Amino acid sequence: MAGVYDGLTVLDLSQGIAGPMTAMLLADNGAAVTVVEPPGGEVATPPTGRRVWRRGTRSASLDLGTGAGRTVVRSLASRADVVIVAFAPGEAAALGLDHATLSVGNPRLITCEIDGYGDHPAHVGRPAHDALVAARTGLLFDQKGRTGGAYEFINGRPGPLPEFGPPDGLVRGADRSGPVFPRTPWPSVGATYLASLGIAAALRAREVTGRGQRVHVSLLQGALAAVALNWQRVEAPDAPMYWMWPIDARSIEGLYRCADGRWVHHWTVRPKWVLAAAEADDPRTASLDTAYRDDPDRIAMDADGMVTGSVLHPLLAEAFAKHPAAVWEEAGAAAGIGVALVRSPAEALADPALLADGCVVEVDDPEVGRIRHVGPVLEFSATPGAVRGPAPAPGADTDAVLADAERVAPAVPGPAPSTTTLAGPLAGVRVLDLGLGVAGPFTGRMLADLGADVIKVMALHDGFWAGTHMGLGTNRGKRSIALDLKLPGGREALERLIASADVLTVNWRPGAAARLGLDWETLHARYPKLVWCNTRGFERGPRSDLPGTDQTAAALTGTEWEDGAMDAGNPPLWSRSNMGDTGNALLAAIAITAALYHRDRTGEAQAVSTSIVNAGLLHTSYAWIAADGTPSDWGHVDADQTGLGPDHRMYRCADDRWVFVVAPDDETRARFREVLTGDPAATSAALEAAFATRSADEWWSALDAASVPAEVVDEEFCRTLFDDPVARAAGLIATTWAPGVGRFEDPGVLIDLSDTPGGVAGGPCGCGEHTRDLLREVGYPDAEIDALVAERAVLDAPVARPEESR
């Protein structure tokens, strides 16, 4: 079967990480992608990434600095559906390769532009290198977390119990304070998700309007996507339920070393079970007789819970040290509790369960033989994706591409542009969001930002989660209805809503949807135009029935291994900007939007899915291994977690602040050393000693004047961003209102669409806030609504809102 993007022609002029990864997702799903590389090939970071990200494409070697090269590109763009570029601001226009120029002869063209910071005057023109964006935005301070959590830091507060520190022996990654460098390129990963969603949304909008448009995403927006739920500022931060400890730097996180020296990630932490299993003759016989929600011994998420976790930490560490990691994994599986082995990317790619699922694939590479790497991460029932071949050698298809450009046959015209306008690319789409936790509801948030009418279906008791910082962040822009689906009245109300919907999303364990008659087969038979999405924690296989979390997937896929520099002997690190849950949600949003595009074209709806493991494998997709298990060399973080080597790392300065330097070529490396020491061959030790003699600002100014790419690692960026009027005007920060906390500020719509911009529809919804209005919309008179409320089939909890500022 053809992929969801079958028939689309994509021209990729980008380099770096985000552009190639975005093109990979298009190619995996049927698009014909032609990559234009400079003579001599592109400079991939890391070099191993090209062999994965360029798979299934054609490669042409063209010099865009020449008129001839640009003429070829313009010819190809005149018949393309999508062009991806990653130029510095103004460069595309100077070359005549910007959207305004390319779309003159091709009004249906979608141009996706990826850059560092957009046109923000304080940042425009700064180097668009992933590590430097992570430094400038202070994302390197979010890896281990901030005391009190990032949202308390932004609010200028120390967080609850400021006198309280982390438990003794709690070490994540490098055993030092300050910023740390993770292997995962989070700004680029975030930008990949946003660009892929923006392209899918623009394709869907084109089916309605007949017009293409410019899609713009920056690495700054990608960084904000990575911390979207942590970077908040609220009017009443002491509101009950709002504060939670999991992202606080002082909190335990379930990472423990076992008897064989291997680490496991146990989440969510169930201390009663851990202690019982440790004392059992066979830990695999230990079980719990209560679900997490009903467990009286579970660790609460409030400040008291953080203290409880700290007290329990040495006991839990001692317990896990009694048995090997494999035994703990098996014990967790037997008890239905999350325990995952912290693995390297190579171990993950060697996992036969992931290969059987298809989220890892084997391909025959023409240069290095048979290799394994991440497979398709978007799953479609009617239009499944596939890896359509290995990455070509640079320029391998140049002659064929030049021949295509010389053809005089005009592009086949599409439907004439209509006069239809859309406020957002998903305007007119209704989504029922039955998701749980973070991964499910964050999907709905992203769809709401693009104009969809998203209805959050909650249980009657969901008021607690809805009031937490995660609940508020995931439910922005939605309306809410609270139903008891175990009662006939609640189930019937949901059925009426389904009849009015275009999309239904869940992220439930296998079998749960079928027990309520909400599985794909049942709903498709009754509502053939409904797009259905169910995301998972793990692959379809032996782990399917286990509780899937951001943490356990990060352990299994190699993210924690690489981000903690475990090859250098460190403990693992669960990054506070990890995008397991939110990446899963963004993949789901991409798949849903692509399925709507397909439905608009063909009339066919389908089921879509993905998983947190799929997201984790995408995050480490720079890695590949030979079929015999031999890993490629993708570069590893040093033990002190400063970077990848002397020319790609941060240095501590005299004022105890840090400067990050990326010197990508020999000329820049020599110039870097000349600035620091006067010796173009200075050693790493000499560079460290030189940095320690002057302040970070002084060294940054000297390096910048010498055109050496560098940034000060800015711990305060997240604070200043919220008061930056330019950032607010650009939509990087949105201001709404939320029950409990009042004024609510968080990252805004992070995709710029020129024709169908979307927008933040409103603040986070309260549990059952819109129940009555929604029931009226599907035909219930007030008397019947009152009866449903009386029998507790629904919760009617309207909220008096002030006028919201967006």
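In which helix is threonine 192 found? Threonine 192 is found in helix H8, which spans residues 186–209, where helices (H or I, at least four residues) and strands (E, at least two) are DSSP runs numbered from the N terminus.

The structure is a predicted model, in which local features need pLDDT of at least 70 and side-chain atom pairs count only at pLDDT 80 or more, while totals for chains, interfaces and linings use all residues. Residues are numbered from 1 along each chain as its sequence is written, and side-chain values use heavy atoms, with hydrogens and water left out.

**Threonine 192 and the nonpolar cores**

Threonine 192 counts as buried because its relative accessibility is 0%; buried means under 20% relative accessible area, exposed means over 50%, and partly exposed is in between, with a 1.4 Å probe and protein chains only. Leaving aside neighbours within four places in sequence, threonine 192 is in contact with Ile17, Ala18, Met21, Thr22 and Leu25, contact being defined as heavy atoms within 4.5 Å. Serine 218 stands 26 residues from threonine 192 in sequence, and the C-alpha to C-alpha distance between the two is 9.7 Å.

The largest nonpolar core has 181 residues, and those with the most contacts inside it are Tyr5, Trp231 and Phe660. Apart from that core lies another, of 32 residues, among them Leu483, Ala493, Leu494 and Trp532. A nonpolar core is here a set of buried Ala, Val, Leu, Ile, Met, Phe, Trp, Tyr and Cys residues joined through side-chain atoms within 4.5 Å. In soluble globular proteins, nonpolar side chains tend to be buried together.

**Helices H24 and H25**

How do the axes of helix H24 and helix H25 cross? The axes of helix H24 (residues 580–602) and helix H25 (residues 612–619) come within 8 Å and cross at roughly 100 degrees, the axes being lines fitted to C-alpha atoms, for helices over the stretch in contact, with angles that run from 0 to 180 degrees between N-to-C directions. That crossing makes H24 roughly perpendicular to H25, since angles of 65 to 115 degrees count as roughly perpendicular, those under 35 as roughly parallel, those over 145 as roughly antiparallel and the rest as oblique. From H24 the contact is made by Gly580, Asp581, Gly583, Asn584 and Leu587, and from H25 by Ile612, Asn614, Ala615, Leu618 and His619. The residues of this contact divide into 4 nonpolar, 5 polar and 1 charged, where Ala, Val, Leu, Ile, Met, Phe, Trp, Tyr, Cys and Pro count as nonpolar, Asp, Glu, Lys and Arg as charged, and the others, Gly among them, as polar.

Helix H24 also holds aspartate 600. Leaving aside neighbours within four places in sequence, aspartate 600 is in contact with Arg204, Glu207 and Val208. The C-alpha atoms of aspartate 600 and glutamate 207 are separated by 6.7 Å, although the two residues are 393 residues apart along the chain.

**Acidic residues in helices**

The table gives the accessibility of three acidic residues, one of them aspartate 600.

| Residue | Relative accessibility | Class |
|---|---|---|
| Glutamate 330 | 40% | partly exposed |
| Glutamate 784 | 39% | partly exposed |
| Aspartate 600 | 31% | partly exposed |

Glutamate 330 has its place in helix H12 (residues 325–335), and its C-alpha atom is separated by 37 Å from that of isoleucine 17, 313 residues apart from it along the chain. Glutamate 784 lies in helix H32 (residues 782–790), and 54 Å separates its C-alpha atom from that of proline 20, the two being 764 residues apart along the chain.

**Backbone geometry and cysteines**

Most residues other than glycine have a negative phi, and most peptide bonds are trans. Leucine 161, in the loop between helix H7 (150–154) and H8, has a positive phi near 50 degrees and is partly exposed at 27% relative accessible area. Serine 707, in the loop between helix H28 (696–705) and strand S24 (710–712), has a positive phi near 60 degrees and is exposed at 52%. The peptide bond from tryptophan 267 to threonine 268 is cis, with omega near -5 degrees, and threonine 268 is found in the loop between strand S9 (263–266) and helix H10 (271–279).

A search of the whole structure finds 0 disulfides, a disulfide being a pair of cysteine sulfur atoms within 2.5 Å. Cysteine 653 is in no disulfide, and the nearest cysteine sulfur, that of cysteine 718, is 20 Å away. Cysteine 653 is buried at 5% relative accessible area, and cysteine 718 is buried at 0%.
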